[in-house]
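Trainee: Could you take one part of this and walk me through it closely? I'd like to hear how the side chains sit there, with the cut-offs spelled out.

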Amino acid sequence: MEKSNRKSSLITVLIVTIAVVFIALTGIQLLVISFFSNRSTSRSYGENCGEIAQAYSMMLTNRLNMYFREIRYYVESDIVQTLDTDQIIKWMCSKNEKKNANIDAMYFCTLDGTAYRDDGTVTNFRNEEFFKAIVTDGNYTYVSNPKMDEVIKKPIFYVAQVVVVNGKKLGVFAGVYPLSTIQKIISDIQLGESGSAWLLASDGTVITYPEYGYAMKKNFLTGLPSDNSDLREVASNMAARKIGSGWVKDLKGNGNLFVTYTPVHNTPWSLGFNISQSQIYASGRSIRNIMIVSFGLIAVVLLVITALVLINLLSPLKKVEKAINDIASGNANLTKRIRVSSNNEIGTIVLGFNKFTEKLQSIVSELKKSQITLVNAGDILSKTTANSAEAIESIKNSIIETTSGIQEQTDGITETSAAVNEIASNITALEKMISNQSAGVAQASSAVEEMIGNIDSVNNTVEKMAGSFNMLSDSAQDGFQKQNDVNEMILKIEADSKLLLEANDVIANIAEQTNLLAMNAAIEAAHAGEAGKGFSVVADEIRKLSENSSLQSRSISDRLNHIRDSIEDVVSASKQTSAAFTTVTNGIKSTDELVQLIQNAMSEQKEGSTQIIQALHDMNNSTFEVNSASKEMSEGNHQILSQVGNLKLSATKMQDYVNSMDVKAEQIDRSSSELVDISAKVSDTINQIGSQIDQFEI
């Protein structure tokens, strides 16, 4: 029953999935088509409405041109050529009854703003819009924004044209026209079901609007609420005489409006068209509704066909379901097969099921043959497990007895090892003492030998020092004698330098006197005039020679003074050197006496050291014999310790092996218990498998 529910749910899922995919794709297609259709329609409406707005704007322009032609009748009349304002006004008043029916009144305005009406009344139009546009701004013609007439209480507008005669402005003719005519023209314009036209003045005043009560009462630049900013923006563009379009909210709250606007030529007005969103998208909605209906019919047909195909394709699976239920219930007959008539994926599944059933039949047949073998193996396993348990118990008892014997052997080895270690420690201590004594004797012997060598070396050194001191004493005496000779030579040089200084003073005096003589000779030569020129030259040369001699004399005097100072320093140093030589000679004599005493003491020390080293050699020989015997005892003791250690190590290893065997025996015991349990479980499992396999009919 569960299989049937799953089968019906599969068909349902497939149908629902196809339906959902189809609906989703259809919905997306509808959205895309609607979007592009609406955009294309909006673009088309925008272009068409723009052209229509231009056309109606031209229509209004033509209407206003007709008004201009009516005003031109007055402007181009012959009476204007007279340039007589009174006659022009009188002529205009005479035409009051015969003026065109479209004109409510005619005015002639002079350049000072005085306005004469065709009924004889006079007013001032200096502040009127059309007057400023023509007189001040220089326009030739002008159509004013509408205003409420204070007399008739109706909206009007002015159509004005300047009067020019021979290039000179004479005044302005202005016709008063009712706004109702223009309002009716605009109100009669209809675009489709909801499209309508409206007119806006340049100051934002609504001239006409499809909404009741807005004409001449509503200003779209200043009188709209904040939530109608889109319409205010459109009104601002219209007041600026721009051409364009845009979407705005409907003032009635009925959705959005598409607005197209264009200025009216020769006027400050702008014409706009409102088209509701529903009208623009009406064709798109019609196409969408048709597509929804057609897609709905296609979906129903597609789902019916899909359901029939699925039922036909999935019918072989019912046979598979019945066969599986037959195998799952009763005696599980594996000999049944399903006949296949379809050559598709479902047919392949049925063939696969037949192959699987055939394979399963073969496997179950082999399992039935193996069942008997498993039963016999289970019995053998149970008997073997019981025998293994008895053998393991016997092994455990043997291991316990072996462990006890090994423990007693280990205790004896431990006591023997302790005694041998104590003997070994005593031998080691004795060996260290002998070694220390031998080392001490060897060190003493080497120290005495080294001391004897040092005494010989010192003795030789002292002898050399004695000889050196003798040579040094002789050298010092010789140096003292040579220093005395140097002192005598320095004294002689000092006496000679004094003589040179005295001679230099004499040369300086001679140079000074020569200079005075040269100066006197120069003076006398100057007195002699031309005859003394030659003598004057000689006197100059003598004066120069005297000056050079004075310079050289001063230089020699400086050098001699420097030499004298140096000689005095040398004399002082020579005296100090002589005193030092005397001191050195006395010190050498004292040191020579001490060296002789040291030499005598070293000879006596050498004889005593020779006797000591002989005694140390005898002691060293005795110590060597004792040390050899101690080493032999130590080696024997080490061998004993090594053997005892090996024996102890072997006992420890045996104990470890026994402990390991005990652990393994415990593991084998636990494994044996587990094996008994497994054997029981295997036996039960074999019986269960046998009962299950017996259910299959092969």
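Mentor: Disulfides first: a search of the whole structure turns up 0 of them, counting a pair of cysteine sulfur atoms within 2.5 Å as one. Bear in mind that this is a predicted model, where local features need pLDDT of at least 70, side-chain atom pairs count only at pLDDT 80 or more, and totals for chains, interfaces and linings use all residues. Numbering runs from 1 along each chain as its sequence is written, and side-chain values use heavy atoms, with hydrogens and water left out.

As for the cysteines, cysteine 109 is buried, at 0% relative accessible area, while cysteine 93 is partly exposed at 26%. Here buried is under 20%, exposed is over 50% and partly exposed lies in between (1.4 Å probe, protein chains only).

Now for the close look: helix 2 covers residues 85-94, helices being DSSP runs of H or I with at least four residues, numbered from the N terminus. Ile88, Ile89, Trp91 and Met92 are its buried residues. Look down the axis of helix 2 and they fall within an arc of 160°, so they line one face; the arc is taken over directions from the axis to the C-beta atoms. Swing round to the other side of helix 2, and Asp86 and Lys90 are exposed there.

Asp86 also turns up at the start of helix 2: a side-chain oxygen of aspartate 84 comes to within 3.2 Å of the backbone nitrogen of aspartate 86.

For contrast, look at valine 32 over in helix 1 (residues 2-75). With 40% relative accessibility, valine 32 is classed as partly exposed.

Definitions and conventions. Helix = DSSP H or I, 4+ residues; strand = E, 2+ residues; numbered from the N terminus. Polar contact = N/O pair within 3.5 Å; in protein donor to acceptor, adjacent residues only side chain to side chain.
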